[in-house]
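Student: I would like to take a close look at one part of this model and to follow the explanation slowly, step by step. Could we begin with charged side chains that pair up?

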Amino acid sequence: MNSPENPLGAPLLLNEFEWKNSFASLPGGFYTKLTPTPLPNPYLVGVSRRAAELIRLNPSELSSDTFVSIFSGNVMPSGSEPLAAVYSGHQFGVWAGQLGDGRAILLGEALAPSEPSGTLELQLKGAGKTPYSRMGDGRAVLRSSIREFLCSEAMAGLGIPTSRALCIVGSDMRVLREMPETSAVVTRMAPSFVRFGSFEHWFYNDKPAELKQLADYVLEKNYPELSESANPYQALLREITLRTAELVAQWQAVGFMHGVLNTDNMSVLGQTLDYGPFGFMEAYDPAHICNHTDQQGRYSYRMQPRIGEWNCYALGQAMVSLIGSVEETQEALSVYTPSFESKMAALWNAKLGLRSTELGDSELVESLLTILARSRVDFSLFFRRLSSLKLDNPSLDSAVRDLFLDRSSFDTWAINYRQRLQRESSVDAERKVAMDKVNPNYVLRNYLAQVAIEKAQEKDFSEIEKLLKLLENPFDDHPDYQSYAELPPDWAADIEVSCSS
Ligand code: AMP
Ligand code: MG
């Protein structure tokens with residue numbers, strides 16, 4: 001029983017979990033039921049206590065053998081009905097046909113009282129081959145599992161919608177990528193792992209009954225408030241479009257690049273999903289491409305907003321027959337641009353510590369982005385340091401000014417910025433507090449992840465734990481860890497991340 005002191009109820013041991021399996025109650029064509037392939041000699045690499053709290057997992061369980069057995073995929077918890085889901089998708093703008101969970105296995109749903117849906121699905125990524133593995137081996141390497149684990153929890157720390165990561169379980173078993181690498185299983189959690197590509201799957205296979213079943217399932221489970229709408233399917237598309245637009249705006253505001261925004265990697269909940277060759281902007285360059293495989297730059301920083309919309313159109317295409325007409329579908333999709341623009345403008349203003357809005361604000365932002373690009377200024381450091389600016393004393397600007405090759409470009413911009421702050425009677429101390437709550441001190445720079453990965457490959461997992469702590473509270477200052485907030489070392493420029501994972 002829940003008590004007022006403990007509204008979430010008492011923490012549970014894994015054998016006390018009440019598994020729900022709503023996805024498994026859909027018809028068999030939506031998935032294949034199967035169990036994970038055992039992972040030899042598994043060991044715990046990292047765990048997120050915050051993620052564990054969401055499913056009320058007893059902290060004592062996190063160091064137990066049962067925990068490692070279950071989240072390596074070696075033992076199935078009783079009551080779970082493991083499965084791999086089918087979906088399809090557009091990859092790099094081209095219809096790719098059938099895909100599916102090629103290496104992810106859904107255990108089922110655990111109760112999660114703080115979630116609107118009341119549950120979180122738990123999925124083991126890297127748990128072995130499924131009928132959807134195509135040429136893949138069903139595994140994930142330790143390197144990419146650490147990146148997904150840390151970035152999921154970092155995004156949650158930033159307050160950006162995301163799937164969560166409960167833990168990483170490693171194994172010395174080697175799998176072949178460009179070279180042999182150790183493998184791992186990362187356990188992800190989300191209210192649903194349904195993707196845009198899940199809808200496209202039934203549309204392109206000309207299965208309207210299944211398409212409707214999927215839409216009804218998503219509406220009932222994750223959007224019950226829309227069921228009362230005059231046209232629930234149109235309302236669903238509108239809400240997904242709006243959430244996607246706002247999600248992309250939040251990515252832009254922290255300089256996050258997803259790297260592979262294929263429709264099969266787009267969550268119908270508007271959460272960040274499927275972490276691969278992502279990156280956080282360092283030296284600001286709007287054309288920056290974080291994914292080495294993406295030679296055309298389709299998923300570059302500046303393209304993300306347009307690609308988010310393109311993906312919503314792909315989803316809309318799949319939903320036209322459900323919604324009833326092209327016009328009603330377009331009406332739902334039309335919320336993308338205004339939602340993105342208003343969210344983006346609000347986020348830029350917050351980053352600049354502006355409390356009000358003025359007509360010229362977008363020019364102030366544009367002129368800033370132009371000079372940041374010209375001097376290739378570190379995106380996160382700039383905004384973090386900008387909060388220390390003193391309205392009446394430009395001679396103290398050096399911490400932020402010194403980030404520019406062309407310092408006079410900053411001086412010119414700062415004159416306009418100061419005037420804008422003065423017009424709303426901005427107070428230095430108050431502005432700093434507000435800005436430091438939205439401009440992170442710590443982001444998961446590639447080199448930070450790389451250091452943690454290299455140590456983990458030597459079985460030292462302490463860096464993962466350290467990074468997790470910093471990234472869970474990215475807006476705090478930790479004087480002992482100031483170097484984690486500074487410019488990346490020179491060797492970081494040579495790190496390449498690609499789709500290989
Ligand atoms: P991604 O680019 O990681 O989103 O993956 C695209 C598709 O390839 C998804 O259907 C994955 O399940 C599948 N996939 C990726 N890597 C593997 C692998 N090692 N084994 C099996 N399937 C994989
Ligand atoms: Mg994917």
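With which residue does the side chain of Arg376 meet in a salt bridge, and how many Å separate N and O?

Tutor: The partner is Asp285, whose side chain meets that of Arg376 in a salt bridge at 3.7 Å, N to O. Because Arg376 lies in the loop between α10 (361–374) and α11 (379–386), while Asp285 lies in the loop between β12 and α7 (304–323), the pair ties together parts of the chain that are 91 residues apart in sequence.

Before we go on, please keep in mind that this is a predicted model, in which local features need pLDDT of at least 70 and side-chain atom pairs count only at pLDDT 80 or more, although totals for chains, interfaces and linings use all residues. Residues are numbered from 1 along each chain as its sequence is written, chains are lettered from A and ligands numbered from 1 in the order in which they are written, and side-chain values use heavy atoms, with hydrogens and water left out.

A salt bridge here is a side-chain nitrogen of Lys or Arg within 4 Å of a carboxyl oxygen of Asp or Glu, and the helices (H or I, at least four residues) and strands (E, at least two) are DSSP runs numbered from the N terminus. In general, side chains of opposite charge can pair when their charged atoms come close.

Neither partner of our pair is fully hidden: Arg376 is partly exposed, with a relative accessible area of 46%, and Asp285 also counts as partly exposed, at 23%. These words have cut-offs, for buried means under 20% relative accessible area, exposed over 50%, and partly exposed in between (1.4 Å probe, protein chains only).

A second pair can be read in the same way, since Arg384 forms a salt bridge with Asp477, where the closest N and O atoms are 3.4 Å apart. This pair links distant parts of the chain, with Arg384 in helix α11 and Asp477 in the segment after α16 (462–472), 93 residues apart. Its two ends have unlike surroundings, for Arg384 counts as buried at 8% relative accessibility, whereas Asp477 counts as partly exposed at 49%.

Some salt bridges share partners, and in this way Lys125, Glu148, Arg188, Arg195 and Asp274 are joined into one network. Within this group, Arg188 forms a salt bridge with Asp274, and their closest N and O atoms are 2.7 Å apart. Arg188 lies in strand β10 (residues 180–190) and Asp274 in the loop between β11 (256–257) and β12 (279–280), so this pair ties together parts that are 86 residues apart in sequence. Here Arg188 counts as buried at 2% relative accessibility, and Asp274 counts as buried at 13%.

To place these pairs in context, the structure holds 32 salt bridges, and uncharged residues can be described with the same terms. Ser171, for example, has its place in strand β9 (residues 164–176) and is buried, with a relative accessible area of 0%. Ala332 has its place in helix α8 (residues 326–333) and counts as buried, at 0% relative accessibility. Ala332 also has a neighbour from elsewhere in the sequence to compare with our pairs, because Leu236 is 96 residues away along the chain, yet the C-alpha atoms of Ala332 and Leu236 are separated by 8.6 Å.
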